[in-house]
Amino acid sequence: MRLSRYFLPTLKDNPAEAQIASHRLMLRAGLIRQEAAGIYAWLPLGLRVLKNIERIVREELDRAGAIELLMPTLQLADLWRESGRYEAYGPEMLRIRDRHKREMLYGPTNEEMVTGIFRAGVSSWRDLPRNLYQIQWKFRDEQRPRFGVMRGREFLMKDGYSFDLDEAGARRSYQRMFVAYLRTFARLGVKAIPMRAETGPIGGDLSHEFIVLAETGESEVYCDRGVLDLPVPDADVDYDGDLEPVIREWTTRYAATSDVHDPVRYEAEVPEPRRLRTRGIEVGQIFYFGTKYSEAMRAQVTMPDGSARALHGGSYGIGVSRLVGAIVQACHDEAGIVWPDAVAPFDVGLLDVKPGDPATAAACAELRAKLEARGIGVLHDDTDARAGAKFANMDLIGLPWQIAVGPRGLANGMAELKRRCSGERSELPIEAVVARLV
Ligand code: ATP
Ligand code: MG
Ligand code: MG
Ligand code: MG
């Protein structure tokens, strides 16, 4: 991609409304633009990051056996009356009327709808277990939308739902998602710690929030530092096998959100030097809710003996758009964003440091073509800007690699390669640059 033909409206100055680094940087780097409070347009560079996150989330869920579908954003109020949540949900729900005065809502979550879909499509115990998910926009009329996409009103969520015959089956479904989440966040380049969370009226031990530690996070958390360095399961993890050992490893050490924090247990279990009380960003939550929706909505299957059985459900959310903010919050420096390789909008920023010099322009175009032919995403700054401004801009948008090409190096067939995360630079023959990056 040539920057001269791209749409990348970066900002020179810090936007006054942004209180935290990630919000500031996302606006400055031209990733998003606010259209209304908590409602954002995803500009081309930001959209590429969002799509990368989506792709990784999808790959890991598919690997764990979940099945993707897509439900509408608008739902009928009557569906939510079946579960009793239409009245209970409160002002976070955006309620809408269509031209026939039918009451509708913009979905804040989809337990009712997915239960309705599942109920209509499944009647026998043989059809279970199943796990359905979607990646779809949600709306919650948050009282205080803030920190950019971190707490938006319209936001992109992966929401998944498992259906099992009994609690033991639901527990296995829960464990699969637990492991899939560990893998997903690790691949995204962030450390998200599963912490015990509020389970609501059902109780039990089956809810975890996945938290990225950050001083500016909205959740208060307590944990044993030992959880920060646990190994994440490999891609060949057997989702049909026994996941209990992984779960045990990750849940034995103390880690809890403030809602369920137990100071007595904390002090008894965690030696002083390992105690960590800090804040974090909730990037995902997994939850077992039993037969709450299936009983209210009569979602049942017939068992081998002919009896009817209400389904045991769990739900599993990932804040896809919030993750963009969380990643920037965790991965930036003074100069700008430092994207983890896996989610970066382009792999390489290619800088023509001598605009107007035909030989440099030709060498850049050739290098861009070679890299793109190998599947490497290149943003080629072929604009007339000064070299200094180009370097600053590349640091701001945070692509993992920068290649600078200018007449002096070119005379010897050389280019300069910089790794954004370490700042490490090296002079390389242009040919070697390609070999280095593929
Ligand atoms: P929070 O505690 O931050 O309000 P939540 O617990 O209400 O989040 P869930 O219902 O668990 O959210 O939704 C699943 C995921 O969706 C959350 O873990 C979070 O990552 C994301 N999410 C929730 N609300 C928002 C929001 N207003 N803006 C962006 N992402 C959100
Ligand atoms: Mg909330
Ligand atoms: Mg929460
Ligand atoms: Mg939550």
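Trainee: What makes 40% of the 438 residues count as buried?

Mentor: A residue is buried if 20 or more other C-beta atoms, placed from the backbone, lie within 10 Å of its own. Of the 438 residues of the protein, 40% pass that test. This is a predicted model: local features need pLDDT of at least 70, side-chain atom pairs count only at pLDDT 80 or more, and totals for chains, interfaces and linings use all residues. Residues are numbered from 1 along each chain as its sequence is written, while chains are lettered from A and ligands numbered from 1 in the order in which they are written.

Trainee: Why does the radius of gyration agree with a compact globule?

Mentor: The rule is 2.2 Å times the number of residues to the power 0.38, over C-alpha atoms. For 438 residues that gives near 22 Å; the protein has 24 Å, so the two agree.

Trainee: What span is expected of helix α6, and what does the helix reach?

Mentor: Helices are DSSP runs of H or I, at least four residues, numbered from the N terminus. The expected span is 1.5 Å times one less than the number of residues. α6 (residues 167-187) has 21 residues and reaches 30 Å between its end C-alpha atoms, close to the 30 Å expected. Gly189 follows α6, with a positive phi near 85°.

Trainee: Which residues surround ligand 1 most closely?

Mentor: A residue is near a molecule if its C-beta atom, placed from the backbone, lies within 6 Å of it. There are 15 around ligand 1, and the closest are Phe155, Gln285, Gly317, Gly319 and Arg322.

Trainee: Which strand gives the largest share of that shell?

Mentor: β13, with four residues. Strands are DSSP runs of E, at least two residues.

Definitions and conventions. A residue is buried if 20 or more other C-beta atoms lie within 10 Å of its own, exposed if 12 or fewer, and partly exposed in between; C-beta atoms are placed from the backbone.
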